[in-house]
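Let's take a walk through this fold, from a single side chain out to the sheet and back again. Have the viewer open as you read.

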Amino acid sequence: MRLAIVGAGNLGLAIARRCFEVGVVSADELLLVERDEERRTLLARDPELRVVEEPSADLGGYDVLLVAVKPQDFQPLGRALGAFLLPDQLVISVMAGIPTATLAATLNHAKVVRTMPNLGVMAGKGVTGWYGSRELGPLADPVESIFGAVGRVCRVDKEELLDVVTALSG
């Protein structure tokens with residue numbers, strides 16, 4: 001699996017590192033997209049991490065895009081990302097408060113998953129609830145792999161149940 005993480009803040013980077021450490025992805029299968037220059041400079045010190053500034057057509061080479069930006073930054077970024085998505089790619093969001101319908105509409109993309117990880121993911125002991133349509137089929141497998149690397153994973157049948165998972169795992 002090739003994984004691009006858009007937003008390499010604390011959560012995005014924690015997920016990236018754990019996926020790399022447990023073998024979900026190798027260094028050449030992982031890309032970080034980070035707009036903040038200071039953060040990019042810090043990340044560039046790690047020779048195993050490949051970091052770029054902006055989304056580009058290169059994202060088409062990744063099976064999964066994980067969006068880990070602040071929710072208020074999503075609208076303009078989402079429209080830009082949508083221009084590079086291919087129909088068979090999976091987009092996973094870790095942004096609080098943005099439902100799958102908004103994700104799909106902003107990205108103009110059908111294969112979206114919403115997750116709600118808790119702070120335990122930073123230590124590899126998190127609990128992540130996730131929701132995605134049943135039509136995902138085998139595309140659901142990467143969700144389980146990525147979030148299994150950072151702790152326990154719980155799929156819910158209704159999006160509103162993510163709030164319950166969040167309350168219980170908090």
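Is D46 buried or exposed? D46 is buried, because its relative accessible area is 18%, and the cut-off for buried is under 20%. Keep in mind that this is a predicted model.

## Salt bridges

D46 doesn't sit there alone: R17 forms a salt bridge with it, and the closest N and O atoms are 2.9 Å apart. R17 belongs to helix α1 (residues 10-21), while D46 is in the loop between α2 (37-43) and β3, so this pair ties together parts that are 29 residues apart in sequence. Unlike the buried D46, R17 is partly exposed, with a relative accessible area of 33%.

The structure holds five salt bridges, so let's look at two others. E21 pairs with R18, with 3.4 Å between the closest N and O atoms. Both lie in helix α1, three residues apart, or about one turn of the helix. E21 counts as exposed at 54% relative accessibility, whereas R18 is partly exposed at 23%.

Then there's E159 with R114, a salt bridge at 3.1 Å from N to O. E159 is in the loop between β8 and α6 (162-169) and R114 is in strand β6, so here the pair ties together parts that are 45 residues apart in sequence. Both of these residues are buried.

## The sheet

Now for the strands. Eight of them make an open sheet with mixed pairing, in the order β3-β2-β1-β4-β5-β6-β7-β8. β3 (51-52) and β8 (151-155) are at the edges with a single partner strand each, so one side of each has no neighbour in the sheet.

Further in, β4 (residues 64-67) and β5 (residues 90-93) run parallel and are joined by four bridges. If you want a spot to click on, L66 has I92 in β5 as its bridge partner.

## Helices across the strands

Two helices are worth finding next. Helix α4 (residues 100-107) lies across β5, β6 (112-117) and β7 (126-132), at about 135° to β6. Helix α5 (residues 141-148) lies across β1 (3-6), β4, β5, β6, β7 and β8, and runs at about 150° to β8.

## Cysteines

How many disulfides are there? The count comes to zero. For C19, the nearest cysteine sulfur is that of C154, 18 Å away, and a disulfide would need the sulfur atoms within 2.5 Å.

As for surroundings, C19 counts as buried at 0% relative accessibility, while C154 is partly exposed at 32%.

Technical notes:
Residues numbered from 1 in each chain as written. Predicted model: local features only at pLDDT ≥ 70, side-chain atom pairs only at ≥ 80, totals over all residues. Heavy atoms only, no water. Pairing = 2+ DSSP bridges. Contact = heavy atoms within 4.5 Å. Axes fitted to C-alpha atoms, helices over the stretch in contact; angles between N-to-C directions. Buried < 20%, exposed > 50% of the residue type's maximum accessible area, 1.4 Å probe, protein only. Salt bridge = Lys/Arg side-chain N within 4 Å of Asp/Glu carboxyl O.
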